[in-house]
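Biologist: Got a minute to walk me through this one? I'd like the main points before I dig in myself.

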Amino acid sequence: MIVQQVVLNSRPGKNGNPVAENFRLEEVSIPDTINEGQVQVRTLYLSVDPYMRCRMNEDTGTDYIAPWQLSQVVDGGGVGIIELSKHANLTKGDFVTSFYWPWQTKAILDGNSLEKVDPQLVDGHLSYFLGAIGMPGLTSLIGVQEKGHVTAGSNQTMVVSGAAGACGSLAGQIGHLLGCSRVVGICGTQEKCLILTSELGFDAAINYKKGNVAEQLRESCPAGVDVYFDNVGGDISDTVISQMNQNSHIILCGQISQYNKDVPYPPPLPPAIEAIQKERNITRERFMVLNYKDKFEPGILQLSQWFKEGKLKIKETMINGLENMGAAFQSMMTGGNIGKQIVCISKDISL
C-alpha cells in the first residue's frame, strides 16, 4: 500500500528559525498485512507543538525527547482510527492516540504504543485529544495545580503569557476555575486580545506589540502579580517578574521566545531580574508534566467535565492536509494560531 509521509528535510540550525522547507513530503509503501500485536491505523489529526523545535536539532538538550533524524519520518501527537487489528485489546473502529504518531496518512504500529480514547469525553471532537483534553490541557491544569499555589478566596491575580496559544488559552480559564480573582493575558494581536476577554473569560488582555507592556501590566494588575503562567520567557517574562508580589509563583511551562537560541532550558534570568526573584522569594522551578503521570487520568476527566459544562472554552486553528505540516509548524512557532494548532489528515471517521 502506498501512503504519504513527512520526513525531516533539513535542520534550521541551533540558532535558526524553522521554515516549512525543513520538512519534505514523500510517498512510501507499507505492507498489506500486519503481524501479531500490530494494528493498521488511518491518521485523522496531527499536532504541532513548540517543544518540537528542540527535536529539529541534532541534540535536543534533554534526555527525555529524542531528535528527529534527517530523511526519516517525523512523529508527534496524533489521533487515528484502527482499520486492521491483531492486538488483543484493540479492535477495528477504535479511536487511538499516541505521543509518537508518525506523520503519515496510514501506518502500521505496535498496538502497545497506542492509547484508546473515548469520543464521548470530547463530544466527538477527536482533535481535542491533542489539545484541551490531552497533553496541553494536562500541562495547563497540572501546572496551575502543582506550581501555581492558587488558593480560592485569596484575591490572587494571574498573568498568562502566550495567552492565546494551546496552553495559555486554557491556563487562564483554569486559573479562574481554581480560584484566581483576576486573570490577565499577554498576546500579540488585537484579535487575540478580544477573544481572550470576550470568549475565554480573561479580565484583561495586553498586546505586547502595542504600547508599553510594563505600563499596561501595572494598569491591568493594580495589586501586582501573584501567579505567572510563563509560556514565552525573554523580555516579556522579565517585565512580568519585575511586577510580581512577595512569595509569588512562576509556572514555567515554556520559553518559546528562546527556542531558536542556543541557551540552556530554562534560560537564566538577567542578573537584575534574578535579584528581584530572590528578594521577593518568587518560586521558578522547572515544570515537567511527564513527572505527574499519576494525575493524567483524573486530569483528563476534570478537563472533559469542565468542557461539557461549558466552563472551559476550547479554541483550535485547523489546517488541512499532510502536505501542510511544515507550514502549520512554522505558523505555530510565530504565533499564527489561536488555541491549539491542528492539522487534519482525514475527516472521514467511518470505516
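Modeller: Sure, we can take the sheet, then the helices, then the charged pairs and a few odd residues. Keep in mind that this is a predicted model.

Biologist: Okay, sheet first. What is the strand order in the open sheet of six strands?

Modeller: The order is β10-β9-β8-β11-β12-β13, and the pairing is parallel.

Biologist: And which strands are at the edges?

Modeller: β10 (204–207) and β13, each of which pairs on one side only. From one strand to the next, the twist averages 20°.

Biologist: How many bridges hold β11 and β12 together?

Modeller: Five bridges, in the parallel sense, between β11 (residues 225–230) and β12 (residues 244–252). To pick out one position, Asp230 has Leu252 of β12 as its bridge partner.

Biologist: Now the helices. Which strands does α3 lie across?

Modeller: α3 (residues 168–178) lies across β8 (157–161), β9 (182–187) and β11, and runs at about 175° to β8.

Biologist: How many of the residues of α3 are buried?

Modeller: Eight of the eleven, so α3 is largely enclosed by the rest of the structure. The buried ones are Gly168, Ser169, Leu170, Ala171, Gly172, Gln173, Ile174 and Gly175.

Biologist: What do those buried residues pack against?

Modeller: Two helices, α2 (135–147) and α8, plus the strands β8, β9 and β11. After α3 comes Gly179, with a positive phi near 125°.

Biologist: What about α4, where does that one lie?

Modeller: α4 (residues 190–198) lies across β9 and β10, and its angle to β10 is about 170°.

Biologist: While we're at β10, is Asn207 buried or exposed?

Modeller: Asn207 sits in strand β10 and counts as buried because its relative accessible area is 5%.

Biologist: What does Asn207 touch?

Modeller: Leaving out residues up to four places away in sequence, Asn207 touches Cys187, Gly188, Thr189, Gln190, Cys193 and Gln216.

Biologist: Switching to charges. How many salt bridges are in the whole structure?

Modeller: The search finds 13. In one of them, the side chains of Asp49 and Lys340 meet at 3.1 Å, N to O.

Biologist: Where do Asp49 and Lys340 sit in the chain?

Modeller: Asp49 is in the loop between β3 (38–47) and α1 (52–55), while Lys340 is in strand β15 (residues 340–344), so this pair ties together parts that are 291 residues apart in sequence. Both Asp49 and Lys340 are buried.

Biologist: And which residue does Asp123 pair with?

Modeller: Lys308, with the closest N and O atoms 4.0 Å apart. Asp123 is in the loop between β7 (115–116) and α2, and Lys308 is in helix α8, so parts that are 185 residues apart in sequence are tied together by the pair.

Biologist: Why do you call Asp123 partly exposed?

Modeller: Because its relative accessibility is 49%, and the exposed class starts over 50%. Lys308 is partly exposed as well, at 44%.

Biologist: What about Lys311, which partner does it have?

Modeller: Glu309, with 3.2 Å between the closest N and O atoms. Lys311 is partly exposed at 45%, and Glu309 is partly exposed at 40%. There is also a network of salt bridges that links Arg42, Glu83 and Lys106.

Biologist: Let's do backbone oddities. What is the phi of Asn247?

Modeller: Near 60°, a positive value in a residue other than glycine. Most residues other than glycine have a negative phi. Asn247 is in strand β12 and is partly exposed, at 46% relative accessible area.

Biologist: And Asn281, where is that?

Modeller: Asn281 is in the loop between α7 (271–279) and β13, and its phi is positive too, near 55°. Its relative accessible area is 47%, so Asn281 counts as partly exposed.

Biologist: Last one, the surface. Which residues make the nonpolar patch?

Modeller: Tyr64, Phe99, Tyr100 and Leu290, over about 390 Å². Leu290 comes from the loop between β13 (283–286) and α8 (296–308), and it is partly exposed, with a relative accessible area of 33%.

Terms used
Residues numbered from 1 in each chain as written. Predicted model: local features only at pLDDT ≥ 70, side-chain atom pairs only at ≥ 80, totals over all residues. Heavy atoms only, no water. Patch = residues over 30% accessible without salt bridge, like charges linked within 9 Å, V, L, I, M, F, W, Y side chains within 5 Å. Areas by Shrake-Rupley, 256 points an atom, 1.4 Å probe, with all protein chains shown as cover. Helix = DSSP H or I, 4+ residues; strand = E, 2+ residues; numbered from the N terminus. Buried < 20%, exposed > 50% of the residue type's maximum accessible area, 1.4 Å probe, protein only. Pairing = 2+ DSSP bridges. Axes fitted to C-alpha atoms, helices over the stretch in contact; angles between N-to-C directions. Contact = heavy atoms within 4.5 Å.
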